Amino acid sequence: MSKITPAQCRKIYALAKERGIDDETLHAHIYSVVKKESIKELSILQAVKVIDSLEGTDKNRISSRQKKYILSLAVTLNWVNDNKCVNTDTLSGFIEAQTGTKEISWLTKKQASKIIEAMKAIAERDRKKADDNK
């Protein structure tokens with residue numbers, strides 16, 4: 001297995017910088033994509049996967065429909081701030097607790113489905129609790 005090339009390494013850091021991703025978050029992302037602790041541990045193919053995920057070209061990543069649905073469920077669950085916008089800290093914390101990945105755009109389609117089902121279950125439980133209190 002060939003090691004990551006210097007060009008790939010530069011590309012990963014450049015993409016992270018463009019997206020405002022700090023070092024700690026970048027390494028967490030790399031771990032979520034290829035289960036490696038360090039960029040130096042990556043093979044050429046693993047580096048390609050990381051680059052694709054940072055560029056948003058990974059076909060296994062969350063779809064825009066899934067992302068919109070998760071955001072609408074967050075509003076339904078009242079995970080909003082004072083401006084009625086989704087509270088990203090609450091949502092990120094929930095996503096991280098469920099999948100180990102903080103960033104919604106880094107979820108796989110399978111992880112996104114898991115998040116959706118968990119959020120739907122919470123919404124249903126909240127609805128039943130509200131009905132019982134009437």
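Here is a short chat about how the helices and the largest pocket of this predicted model are described.

Reader: What makes up the secondary structure of the protein?

Author: Six helices and zero strands. Read from the N terminus, the order is α-α-α-α-α-α. As for extent, the C-alpha trace spans about 65 × 30 × 25 Å along its principal axes.

Reader: Why is α1 called oblique to α2?

Author: Two numbers come into it, since a packed pair of helices is described by the angle between the axes and by how far apart those axes are. Here α1 (residues 6–18) and α2 (residues 23–34) pack at about 120 degrees, and their axes lie 11 Å apart. Roughly perpendicular covers 65 to 115 degrees and roughly antiparallel needs over 145. An angle of about 120 degrees fits neither class, so α1 counts as oblique to α2. The crossing itself is right-handed.

Reader: Which residues make the contact?

Author: From α1 it's I12, Y13 and A16, and from α2 it's D23, L26, H27 and I30. By type, that's five nonpolar, one polar and one charged.

Reader: What makes D23 the charged one and H27 the polar one?

Author: Asp is on the charged list along with Glu, Lys and Arg, while His is on neither that list nor the nonpolar one, so it counts as polar.

Reader: And which residues line the largest pocket?

Author: R19, I21, T25, S53, L54, G56, R61, I62, E103, S105 and W106. The volume of this pocket is about 160 Å³. Its lining splits into four nonpolar, four polar and three charged residues. G56 goes with the polar ones because Gly is counted that way.

Key:
Residues numbered from 1 in each chain as written. Predicted model: local features only at pLDDT ≥ 70, side-chain atom pairs only at ≥ 80, totals over all residues. Heavy atoms only, no water. 1 Å grid on protein atoms, 1.4 Å probe; cavity = no way out; pocket = protein on both sides within 12 Å on 5 of 7 lines; lining within 4 Å. Points joined across faces, edges and corners; volume = space filled by probe spheres on them. Axes fitted to C-alpha atoms, helices over the stretch in contact; angles between N-to-C directions. Helix = DSSP H or I, 4+ residues; strand = E, 2+ residues; numbered from the N terminus. Parallel < 35°, antiparallel > 145°, perpendicular 65-115°, else oblique. Left-handed = near helix turned anticlockwise from the far one by under 90°. Contact = heavy atoms within 4.5 Å.
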